[in-house]
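Let's walk through a protein model together, one question at a time. Keep the structure open beside you as you read.

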Amino acid sequence: MQQGPAFLTSKYACDLKIVRLLRQRGLGNSSSAVMKQVREQHGESYLNNLQMHLSHCRDFKTSAERGFFARIQFSEPPPAAAVPRHRWLMKVYQIDVLNRVDYIKAHMTSQFGTVLKMDLTKKITNKLAGKGRKTAMWATNIGYEHGQVLMSVLTVGEGSGLKQMLDGLGTRYRNAGIPPPKALYVDRDCCGASSVHKYLEAWPFLHIRLDIWHFMRRFPYGCTTDKHQLYSVFMGKLSQCIFKWDETDLKLTKAC
């Protein structure tokens, strides 16, 4: 873990407060946004110090004119220090992550659940940039009942690499001494010869089910197009047939 109030690099030092801002990266909080905030705060601090410096100079000049001491030649105030660019801040963030990588891995691999959800998507791989662009086509994620992702794997084909991923997940549960999960919801291959159950021989009592959203998506396959005027009405009625409002939750929601 980092000791001291700042991160030291070859040329600059970065305050830990800035590093903590970089840790909260998300929508609207990129390294460029952090750089703009730091630049604004540095500029405000510089102007405050400049105003204080000029006011002191004025007081000394007034005292010298009254004969309290000899006249003083004031030097020009120092220029404002340049703020490093966002690329340097990103480099500091990467160093911070490398320093905490063991803690991050331990925290991520210490999460377990009794109800798992496995989903395959292309949306994540479409966001790959740089050298990793177009190196993977599918992202397979496994999460648990609280929504946190337990494991994620990038593959070049849909469904490939599932055995290694599920073996690794089973090893994680076994090494931690955690009872195996009770249910696994998938978006495909829930039954039949292609069922993912063949990869989970260590969990013979695991119930594998098709998740409700993909179950509902099987029905409109018979529709000619999802642009039909009655498509949304049909899906809404279908949802009402499957889901039911919990009266307790509904009352709490209305009370809020």
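What follows is a set of questions and answers on confidence, cores, a pocket and a few residues.

This is a predicted model, in which local features need pLDDT of at least 70 and side-chain atom pairs count only at pLDDT 80 or more, while totals for chains, interfaces and linings use all residues. Residues are numbered from 1 along each chain as its sequence is written, and side-chain values use heavy atoms, with hydrogens and water left out.

Q: Which element of the protein has the highest mean pLDDT?
A: pLDDT is the predictor's confidence in each residue, from 0 to 100. The protein has a mean of 82, and 93% of its residues reach 70 or more. Among the elements (helices, H or I, of at least four residues and strands, E, of at least two, are DSSP runs numbered from the N terminus), strand E1 (residues 6–8) has the lowest mean, 72, and the highest, 90, belongs to E6.

Q: Which element gives the largest share of the largest nonpolar core?
A: A nonpolar core is a set of buried Ala, Val, Leu, Ile, Met, Phe, Trp, Tyr and Cys residues joined through side-chain atoms within 4.5 Å; buried means under 20% relative accessible area, exposed over 50%, and partly exposed in between, with a 1.4 Å probe and protein chains only. The largest one has 18 residues, and Leu116, Met118, Leu169 and Leu184 have the most contacts inside it. At least two residues each come from strands E3 (115–121), E4 (138–144), E5 (149–155) and E6 (183–186) and from helix H5 (162–176). The largest share, five residues, comes from H5.

Q: How many residues does the largest pocket have in its lining, by class?
A: A pocket is an open set of points on a 1 Å grid over the protein atoms alone, where a 1.4 Å probe fits, with protein on both sides within 12 Å along at least five of seven lines; lining residues have an atom within 4 Å of a point. Ala13, Ile18, Val38, His42 and Pro84 lie nearest the centre of the largest pocket, and strand E2 (13–15), helix H2 (31–65) and helix H3 (86–99) each supply at least two lining residues. Counting Ala, Val, Leu, Ile, Met, Phe, Trp, Tyr, Cys and Pro as nonpolar, Asp, Glu, Lys and Arg as charged, and the others, Gly among them, as polar, the lining has 11 nonpolar, two polar and one charged residues.

Q: Is Gly143 buried or exposed?
A: Gly143 lies in strand E4. With contact meaning heavy atoms within 4.5 Å, Gly143 touches Val115, Leu116, Lys117, Gln148, Val149 and Leu150, not counting residues up to four places away in sequence. Because its relative accessibility is 12%, Gly143 counts as buried.

Q: What is the relative accessible area of Phe219?
A: Phe219 sits in the loop between helix H6 (212–218) and helix H7 (231–242). Leaving aside neighbours within four places in sequence, Phe219 is in contact with Phe234 and Leu238. Phe219 is partly exposed, because its relative accessible area is 42%.
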